[in-house]
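Q: I'm new to this one. Can you walk me through it?
A: Sure. Take a look first, then ask away.

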Number of protein chains: 2
Amino acid sequence: MVFSGRIARPIAASFSSTTNPLLKVGDVLRKPRTFNHLDLVNYAELTSDYNPIHFDSGFAKEEGFEDRVVHGMLVATLFPRVIASHFPGAVYVSQSLQFKLPVYIGNEAVAEVKALNIRENKKRYLAKFSTKCFRDGDLVIDGEALAILPTLEIREEPFGD
Amino acid sequence: MVFSGRIARPIAASFSSTTNPLLKVGDVLRKPRTFNHLDLVNYAELTSDYNPIHFDSGFAKEEGFEDRVVHGMLVATLFPRVIASHFPGAVYVSQSLQFKLPVYIGNEAVAEVKALNIRENKKRYLAKFSTKCFRDGDLVIDGEALAILPTLEIREEPFGD
C-alpha cells in the first residue's frame, strides 16, 4: 500500500501486519508461572541459597508460613525475563522489589510489567516499568524497573517456559 | 573465663568460643563469586531469560559491552544468599538494585552486605543492609535490602559454592 501526503508518516509502518507494535505508556506485558520443587532445587544449586524456609516445611510453618516458600528473587526473575523476551538486547538499569506476600509451590504467579515512562536517548529508549507480581489477584511483589531498550518494537514472546 | 562485676554483661557470651557473634550496625558480610558460562546457561534454563547480551558475544559487543554479560539478577542473588547463609530463616522484605557496571564471565564479583540499622520487633529483628557488589574495586551493583532475621547470631557460612 502506498501512502501519500500527510498520512505517509514512517510510524504508520508499525501498524502494518508485517511489523510489531510499538511500546507505549500504559502497555502491560504479562507472564504467568507456577513454580515447582525442582525450580527451588535448581535455584538453590545455582545460587547456594538453601534457606530452610524454602526446603523445610516444618521450619517454614514455625516461621508463620503456610508451607515452604519460593525464593523471592526467583519469583522476581520473571520481571527481567518478561522485558528481555519482548525486547531482546534490553539492558537493566535498576529494579526495586518489595516482597509483600509469599509465593508457595504450586501457586500461579503472574508478573505484570507496565510501561510508565519512555524516553528516547542516543537512539536507545530508557523505559520505566512498574513491575508487579500477583497470586490469585493478591499483590505478592511490587516494584519498578528501569531498562534501556534497543527498540520499542514489541517482539512476540520467543522463549519457552 | 569468668567475668565479674560490670563486665559480666550477657552480651559477653557472644564473644565466647561456643556461641556466634551478634550482628551489629557496621558489620560487613562478604561473598566472592566468579560466574562461568554454565552458570548463565543454568540461570537461563531456570528463568527462560535468553537475552542475547548474555549468550551472543558479537551482539553484546555491538551493544557496547566488552563481551557477553552475566545476568544482573543472577549477580544480585548473591545478596539474599549472603543474608540467608548467615541467618537461616531470614525473610526478605525488600531489595533495591542499581546496575552500575556489567559483570563479565570470569570476573570475580564480591558481594558486600553491611548492616545499617537493626530493630527488634516481636522477637524478630528487622535489619536494613546496604547491598553492594564490586568487580576489581569498582561498584557494579548498589542497593539496599530489608530482611526479618530470626536471631542476630551470625552463623558461619554453612553452604558451599
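A: One term before we start: two residues are in contact if their C-beta atoms, placed from the backbone, lie within 7 Å. Also keep in mind that this is a predicted model.

Q: OK, so how many residues of chain A are in contact with chain B?
A: On chain A, 35 residues are in contact, and they meet 35 residues of chain B.

Q: Which elements supply the side of chain A that touches chain B?
A: α1, α2 (52–55), α4 (72–76), α5 and β2 (91–99) of chain A each supply at least two residues.

Q: And which gives the most?
A: β2(A) does, with nine residues.

Q: What's that side like by class?
A: It has 18 nonpolar residues, twelve polar and five charged.

Q: Back to β2(A). What does it join in chain B?
A: It is joined to strand β2 (residues 91–99) of chain B. Five bridges link the two strands, and they run antiparallel.

Q: Which residue stands opposite A:Gln98 there?
A: B:Ser94, in β2(B).

Q: How do you lay chain A on chain B?
A: Turn it by 180°, with a shift of 0.0 Å along the axis. The RMSD is then 0.0 Å. That is the relation of a two-fold axis.

Q: What does that say about the contact surface?
A: The same surface serves both copies. Of the contact residues of chain A, 100% recur in chain B.

Q: Which residue of chain A comes closest to the rotation axis?
A: A:Ser96, with its C-alpha at 2.1 Å.

Q: New topic: helices. Which residues are buried in helix α1 of chain B?
A: α1(B) covers residues 37–47, and B:Leu40, B:Tyr43 and B:Thr47 are buried in it.

Q: Why are they on the same side of α1(B)?
A: Because they cover an arc of only 65° around the axis. As a general point, an α-helix has 3.6 residues a turn, so residues three or four places apart point the same way.

Q: What do those buried residues pack against?
A: Elements from both chains. Chain A brings α1 (37–47) and α5 (78–86), and chain B brings its own α3 (72–76).

Q: What follows α1(B)?
A: B:Ser48, which has a positive phi near 65°.

Q: Now the strands late in chain A. How is β3(A) joined to β4(A)?
A: By twelve bridges, with the strands antiparallel. β3(A) is residues 108–121 and β4(A) is residues 124–135. One facing pair is A:Val113 and A:Thr131.

Q: What's in the turn?
A: The two strands form a hairpin with two residues between them. A:Lys122 in that turn has a positive phi of about 50°.

Q: Which strand does β4(A) pair with over six bridges?
A: β6(A), residues 144–149, in the antiparallel sense. There, A:Ser130 has A:Glu144 as its bridge partner.

Q: And how many bridges join β4(A) to β5(A)?
A: Three, again antiparallel, with β5(A) at residues 138–142. A:Phe134 stands opposite A:Leu139. This hairpin also has two residues between its strands, and A:Asp136 takes a positive phi near 55°.

Q: Last one: what does UniProt list for residues 30–123 of chain A?
A: An unreviewed UniProt entry lists them as "domain: MaoC-like". In the model that stretch is 37% helix and 30% strand. Its end C-alpha atoms are 26 Å apart.

Conventions
Residues numbered from 1 in each chain as written. Chains lettered and ligands numbered in written order. Predicted model: local features only at pLDDT ≥ 70, side-chain atom pairs only at ≥ 80, totals over all residues. Pairing = 2+ DSSP bridges. Helix = DSSP H or I, 4+ residues; strand = E, 2+ residues; numbered from the N terminus. Buried ≥ 20, exposed ≤ 12 C-beta atoms within 10 Å, placed from the backbone. Arc of directions from axis to C-beta. UniProt positions renumbered as here; feature names shortened; annotations may be inferred. Nonpolar A, V, L, I, M, F, W, Y, C, P; charged D, E, K, R; others polar. Least-squares fit on C-alpha atoms with pLDDT ≥ 70 in both.
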